[in-house]
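I opened the model today to look up its fold, the confidence of its parts and the backbone angles that stand out. The entries follow in the order in which I made them.

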Amino acid sequence: MIDKINAFFKKLNTPFQENDKEELSLEVACTVLLCEVMKADGTLQEEEQISLKAFIAKQFQLQNSQIDEIVNTALTLSDNATDFYQFTRKVNEHYTIEQRMEIVGYLWRLAYIDGELATLEEHIIRKIADLLHLRHSEYIQTKLANTPSS
């Protein structure tokens, strides 16, 4: 009986270990989170895409061809993702709290590019901030620092 239970759990763990070999890059993980906010209001505006590419180029010191590949991969992953955990886990593994706050700050800037904040955009940013282990005060700090003045 115990052997059957052990075999069952080994079988459950096998697909996860195989999938884990296809390592998600930090660049793609960050870009997926940015794409989620960009797509939240239902429109992908050119200005948002330009801003996203500029941020990725600056953040990761990449060339245009690499940026296009990362954005395309991120959009595909974003379309098929059921949650943000796999992406935020990668960011949490490699970034300090200050760097994670910078990412959340950029999420706010992307959300405000069109001049208004959709409720779904705010909800997604809050969810991502929670998964990046930002305290509420840090979340508010990033929001205030990146909200355009009226």
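**Burial, fold and confidence**

I looked up burial first and noted that 37% of the 150 residues of the protein count as buried, where buried means under 20% relative accessible area, exposed over 50% and partly exposed in between, with a 1.4 Å probe and protein chains only. I keep in mind that this is a predicted model, in which local features need pLDDT of at least 70, side-chain atom pairs count only at pLDDT 80 or more, and totals for chains, interfaces and linings use all residues. Residues are numbered from 1 along each chain as its sequence is written, and side-chain values use heavy atoms, with hydrogens and water left out.

For the fold I recorded 8 helices and 0 strands, taken as DSSP runs (helices H or I, at least four residues; strands E, at least two) numbered from the N terminus.

I then checked pLDDT, the predictor's confidence in each residue from 0 to 100, and found an average of 86, with 85% of the residues at 70 or above. Helix H1 (residues 2–20) has the lowest mean among the elements, 51, and helix H7 (residues 119–131) the highest, 96. Where pLDDT is low, the predicted coordinates should not be read in detail.

**Positive phi angles**

Which residue in the loop between helix H3 (46–60) and helix H4 (64–80) did I look up? I noted Gln 61 there, a residue other than glycine with a positive phi near 50 degrees, and exposed at a relative accessible area of 64%.

His 133, in the loop between H7 and helix H8 (136–146), also is not a glycine and has a positive phi of about 60 degrees; His 133 counts as exposed, at 54% relative accessibility.
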